[in-house]
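Student: Could we go through this structure together? I have a few short queries.
Tutor: Certainly; please begin wherever you wish.

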Amino acid sequence: MDDKQNKAPWYKRTFLWGQTNLTEDDPEKCDLDFWIDYWKKTGVEGVIINCGGIVSYYKSRFTAQYKAKYLGDKDYFGLWKDAARQAGLAVVARMDINATTETLYSSNPEWYCRDKEGNPYLSQGRYVACVNGGYYQEFLPQVFQEIIENYHPDGFADNSWAGMKRTDICYCENCRKKFREEYRMELPEKEDWEDPVYRKWVRWNYQLRIRNWHFFNKVTRKAGGEDCRWFGMLTADPFDTGERFYDIKALVKDSDFVFSDQQSRDPIDGFEQNSVNGNLLRLASSENILVAESMAHYYKGLRTFRLSAAPRQEVRNWMLTGISGGIMPWYHFVGGGTQDRRKFRISDDLFRWFKKQEPYLHDRVNCACVGLVWNQESAVYYGRGHGKEVCGYPFAGFARSLSKAGIPFVPVHADDIEKYGNRLETIILPNVAVLSREQEEQVIRFLQSGKGLVMTGMTGRMDEEGEERAQEECLLWKFLGLRKSGSVTGVCGDSKDDWMNHETHNYLKGNDTFNPLLEGLEDTSILPFGGSVVETASSGPLEAVFHLIPAFPIYPPEFSWIREEREDLGTIFAGELENGARVVYMPADVDRCYARFYLPDMGKLLENAVRYTAKNRFPVSAEGKGHIQCDAYVQGKKLILHLVNLCGCDGPVGSVTDNLPTGPVIIKITSYPMEEEAVSLISGKKLPIYQEGEWKCIRLEQLEEQEMILASMK
């Protein structure tokens, strides 16, 4: 490490992280020497150590702070901290500040959340503290100060800092008073999205968390110095934060570092989601901040077993796609026990490989030319409790389609379209229903510059409260000559495949005229659909290239024949503006259906829409059999290509046990003048670069688990 890096704050020079999430019996049973040896084996540079909050592992003067059951007189945090310091590691104190035992509640009942009848809210037998109360505003600052004075950690992580969920309204006197002072209103009576007071309460709660985020940082920096930062903990999924009130964009834009708690894939999102996680969090801030992500090494599938090892390949694929997206790896074990020794052989070699290649894994620019746009407001105020379904799945549908097609893309916040627009050829707005005026204007200016657009569903139809705008107020729709001509027809939501109920048995039919979206689908005139359509009319340059075949019986088979075709109901529109900008609008929720039900034809439609609007101008793409995640970066005069083999990884979450090699894989490069050779950072072998038509190409005969290629530009 050079002198400049040595002088940088810990959060700008710590790339490899480890966490043994201590359990209450560890002070009595855990072998600390084993973990000291494991730190050396993996080469981690920083560790997260359980300290205080819901369970404390140190000697505190605050006797009401619950201590681990088997802590006794031990200073267990101090033991781990001293061992980490001797190993030369950064030390982050892990807190969990959401709830306390009855002891602290009894002495300060005014600090806690209350229901409408004045009863305290409980979580697993503990009392939930209010973010407006003295526990957050008075007690915790003293706890932070005590920890800093006694142990001098580099900083803090916090697991459950955001307090109560949106589904529960706190009626404590602190909340009543503050809401009245700020809005001159009483708290809402109940969860009711139709009530404007409830929507104000939701927005207010997001602001409260932002205030506390900055407040905790003020406290820790005052007590521990400028670089003693409190970084909380965030997920990278703006569509599902577990109903917690935190605004990802607002929090990361002012942060110098991110701890992400996105431990593994979920039942809908694939491994490609972890590349999205890294790029989303970094681009929402400044592109080269460090993002460390907790990566579960315990079994976390359709069921969770905290003490058992996860399948090795499941964890490695999640880690590798995260690293491909710019994430700093962070192993996460629950408990210090070693009963299941398989978990310690999952990733130690990946940590060592990362350390060797670390200079190429940060301080670089993503060179993707496709921007997948997101904002949290659409999920919150339009989704209204169903944000994952109506906004998250459309986003995930495009992410999966592009990943499977080997087309690199970047997640871009709707505020940042112009910030990154100069590097993009097309942007995708997957049911981004809530767009501010400035966000709409950014999209329009992007189109006016000759760039492409794919948008779906109700994009731009809602105001910032999630209420539908009048037609004349939808600037983007007016610009494109589109008009919502009716309601939404068809089925959305988590519909089941019931042969007795045929409402999901509908189809899309491509028009006979020029249809740019039918590449690879030429041998069929109908495509399975199963979703809903926003009834839309076009008076501008966009023409309907698909229409709807309404639902008809699926059973018995004798009844399964097409009754009618709605040629008047366009499901996909496409066309060019006068300046040559290409646009596809999908009133059919193709993106949501693909994420939900994995229909290959729907994935192909999404891919074709992006290829058409981007005019196939991709700086880098990868072609081969199966699913190959591809990310590409520029670092000075170097092109860094990262490929992860995801073949055979569409099974249930937690189930991947084997790597399935594939090949050949052809990497195609345009836009960059390349030297004649590249080098593999996996094998060390030199790879020839050859010309094929307009592309410079690199051929991999076989892709094993991953490949990372370093190519020089002339």
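Student: Which cysteine sulfur is closest to that of Cys113, and why is there no bond?
Tutor: This is a predicted model, and in it the closest cysteine sulfur to that of Cys113 belongs to Cys170. The two sulfurs are 3.9 Å apart, which is too far for a bond, since a disulfide requires the sulfur atoms to be within 2.5 Å.

Student: Is Cys113 buried or exposed?
Tutor: Cys113 counts as buried, because its relative accessibility is 2%.

Student: And what about Cys367, which cysteine is closest there?
Tutor: That is Cys630, with a sulfur-to-sulfur distance of 8.4 Å, again too far for a bond. Cys367 is buried as well, with a relative accessible area of 8%.

Student: How many disulfides does the count come to, then?
Tutor: The count comes to zero disulfides.

Student: Changing topic: where does H6 bend?
Tutor: Helix H6 covers residues 134–151 and bends by about 35 degrees at Leu140. A proline, Pro141, follows within four residues of that point.

Student: What end-to-end reach does H6 have?
Tutor: From its first C-alpha to its last, H6 reaches 24 Å, which is close to the 26 Å expected for its 18 residues at 1.5 Å a residue.

Student: Which of its residues are buried?
Tutor: Both Leu140 and Pro141 are among the buried residues of H6, which also include Tyr135, Phe139, Phe144, Glu146 and Tyr151. Just after the helix, His152 takes a positive phi of about 55 degrees.

Student: How does H19 compare with its expected span?
Tutor: The 14 residues of H19 (residues 600–613) should span 20 Å at 1.5 Å a residue, and the end C-alpha atoms are 20 Å apart, which agrees. Of those 14 residues, 10 are buried, so the helix is largely enclosed by the rest of the structure. Among the buried ones are Met602, Leu605, Glu607, Asn608 and Tyr612.

Student: What lies on either side of H19 in terms of phi angles?
Tutor: Just after H19, Lys615 has a positive phi of about 55 degrees. Tyr598, in the loop between helix H18 (590–597) and H19, has a positive phi of about 60 degrees although it is not a glycine. Tyr598 is partly exposed, with a relative accessible area of 30%.

Student: Where is Asp363, and what is its phi?
Tutor: Asp363 is in the loop between helix H12 (348–357) and strand S14 (365–366). Its phi is positive, about 55 degrees, and Asp363 is partly exposed at 48% relative accessible area.

Student: Why single those residues out?
Tutor: Because most residues other than glycine have a negative phi.

Student: Which peptide bonds are cis?
Tutor: One cis bond joins Tyr555 and Pro556, with omega about -5 degrees; Pro556 is in the loop between strand S23 (543–549) and strand S24 (566–576). Another runs from Gly663 to Pro664, with omega near -5 degrees. Pro664 lies in the loop between strand S28 (638–645) and strand S29 (665–669).

Student: On to the strands: how many residues of S10 are buried?
Tutor: Seven of the seven residues of S10 (residues 290–296) are buried, so the strand is largely enclosed by the rest of the structure. Both faces are covered: Leu290, Ala292, Ser294 and Ala296 on one side, with Val291, Glu293 and Met295 on the other.

Student: What does S10 pair with?
Tutor: Strand S9 (residues 257–260) runs parallel to S10 and is joined to it by four bridges; Phe259 has Ala292 as its bridge partner. The chain crosses from S9 through helix H10 (residues 272–284) to S10 in a right-handed β-α-β crossover. S10 also pairs with strand S13 (residues 327–334), in the parallel sense, over six bridges. There, Ala296 has His332 as its bridge partner.

Student: Which residues touch the most other members of the largest nonpolar core?
Tutor: They are Trp17, Phe259, Leu508, Ile572, Val590 and Leu605, in a core of 175 residues. Helix H8 (residues 196–224) supplies the largest share of this core, 10 residues. A second, separate core has 35 residues, including Met455, Met462, Leu542 and Phe573.

Technical notes. Residues numbered from 1 in each chain as written. Predicted model: local features only at pLDDT ≥ 70, side-chain atom pairs only at ≥ 80, totals over all residues. Heavy atoms only, no water. Helix = DSSP H or I, 4+ residues; strand = E, 2+ residues; numbered from the N terminus. Expected span 1.5 Å × (residues − 1). Bend = angle between axes of the 7 residues up to and from the residue. Buried < 20%, exposed > 50% of the residue type's maximum accessible area, 1.4 Å probe, protein only. Pairing = 2+ DSSP bridges. Right-handed = clockwise from strand over helix to strand, strands pointing away. Core = buried A, V, L, I, M, F, W, Y, C linked by side-chain atoms within 4.5 Å.
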